[in-house]
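The following exercises are to be worked with the sequence and the three-dimensional model at hand. Each task is followed by a solution in steps.

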Amino acid sequence: MKLLVRAPMVERDLNRLKGVFSEIIYNPWTITGERYYEDEMIELLTREKPDGLIIELDEITEKVIRNYKGLKFIGDCRATPENIDVKSCSAYGIPLLTTPGRNAQAVAELWLSTVIMFLRNVLASMKWMEEENWIDGTTPYYLFRGNELYEKHVGFIGMGAVPRAIFKLLKPFNCKVSYYDPYLKNEIEGAEKVSLEEIFKNCEIVSVHLPSNENTREMIDEKLLNLMKEDAIFINSSRSNVVDNKKLYRVLDERKIRGAIIDVFDVEPPIGGKTIFDNLDNVILTPHIYGATFEVVNHQSKIITDKILKFIDGENLEEIIFNSDILTGES
Ligand SMILES: O=C(O)[C@H](O)COP(=O)(O)O
């Protein structure tokens, strides 16, 4: 069996796969920095004729699948396979393996840091120092005095791998944690399952963790945003289009809530480098970097290899093959 690998992976796992595949072509997109689109994928697959494919950003459309019928599985090193036509994969009977949680620790760590930075006015105080404002007679202690995260009420919308990793990091902060996730089978010990409205009404930190699909588009609408407390912070590090961002802008501009931390935008990169939130002073904006750590390669490599080996052994197939009906994401 021949495996074509277009996702960055580590040697440890490529060696594990060597036990199963007689030939492995390792050509991750990161070498050239270019993702392959439809026609390049067709050309590559037709030329190499692999039995298995591992990708991260390359595009798999219906046309790709129709033109190359040799794939026995596709491994996608993503939490949500946004780069793949999932419906066509199931129509053509190609199992899809994904890597939920590959960036959970990365996102959780930056989530915690930026939330604390927000609560403690760190960015404003840094800017103030850069502007050489700290002179006799100024009172930075009072000017930038903030809040502790300790014992705050945190609400997660979607309770996949990322919010679960954040939940673990929050333990020493003794926060009250609520979550909304109608698709989660098991309850999360130490957190309270509530309605979507209750999250917005009661939490001081409201954090969105939804995949983007037709059911989640602008799910966070004006009605929900208007329920938020005046001192609440809104965080979106999942996907931009799950929020009505024009309405979010309005509640921020009118200071109906305390602020927002936003890592994902409707257009990326934003046109002319400008986002609709730029003129606000109650936001922390980051350029979609919550999941950007070197360690993610190690995590995705392990997760996809474990799954492929189980898949080949025919183990727990229902658990490991991506189910497109799952709505609440791991992203
Ligand atoms: O932050 C990331 O790493 C990207 O949003 C990709 O995430 P995904 O694995 O959920 O697709």
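**Exercise 1.** In which sense do strand β11 and β12 pair, and over how many bridges?

*Solution.* The model is a predicted one, in which local features need pLDDT of at least 70, side-chain atom pairs count only at pLDDT 80 or more, and totals for chains, interfaces and linings use all residues. Residues are numbered from 1 along each chain as its sequence is written, and side-chain values use heavy atoms, with hydrogens and water left out.

Step 1. Locate β11 at residues 259-262; its pairing with β12 is parallel and runs over three bridges. Strands (E, at least two residues) and helices (H or I, at least four) are DSSP runs numbered from the N terminus, and two strands pair if DSSP finds at least two bridges between them.

Step 2. Within this pair, alanine 260 is opposite valine 283 of β12.

Step 3. Place the pair in its sheet: seven strands form an open sheet in the order β8-β7-β6-β9-β10-β11-β12, with parallel pairing. Because β8 (192-193) and β12 (283-285) each have a single partner strand, one side of each is left without a neighbour in the sheet.

Step 4. Inspect the loop between β11 and β12, where proline 269 is found. The peptide bond from glutamate 268 to proline 269 is cis, with omega near -5°.

**Exercise 2.** Determine the strand order of the five-stranded sheet and the helix that lies across β1, β2 and β3.

*Solution.* Step 1. The five strands form an open sheet in the order β2-β1-β3-β4-β5, again with parallel pairing. Its edge strands, β2 (23-26) and β5 (96-98), each pair on one side only. On average, neighbouring strands of this sheet are turned by 15° against each other, direction ignored.

Step 2. Strand β1 (residues 2-5) pairs with β2 in the parallel sense over four bridges, and leucine 4 is opposite isoleucine 25 in β2.

Step 3. Helix α1 (residues 11-18) lies across β1, β2 and β3 (52-55) and runs at about 155° to β2. Such angles run from 0 to 180 degrees between N-to-C directions, with axes fitted to C-alpha atoms, for helices over the stretch in contact.

Step 4. In the loop between α2 (38-48) and β3, find lysine 49. Phi of lysine 49 is near 50°, a positive value in a residue other than glycine.

**Exercise 3.** Why does the second largest pocket lie between domain 1 and domain 2?

*Solution.* Step 1. The domain assignment gives domain 1 (2-100 + 294-327) and domain 2 (104-285); such bounds come from an automatic or database assignment. The C-alpha centres of the two domains lie 33 Å apart. Six residues from domain 1 and eight residues from domain 2 take part in the contact, defined by heavy atoms within 4.5 Å.

Step 2. Both domains give residues to the lining of the second largest pocket, so the pocket lies between them.

Step 3. Of its 29 lining residues, the closest to the pocket centre are Leu57, Arg78, Arg102, Arg239 and His288. A pocket is an open set of points on a 1 Å grid over the protein atoms alone, where a 1.4 Å probe fits, with protein on both sides within 12 Å along at least five of seven lines; lining residues have an atom within 4 Å of a point.

Step 4. Helix α12 (residues 295-313) contributes the largest share of this lining, three residues.
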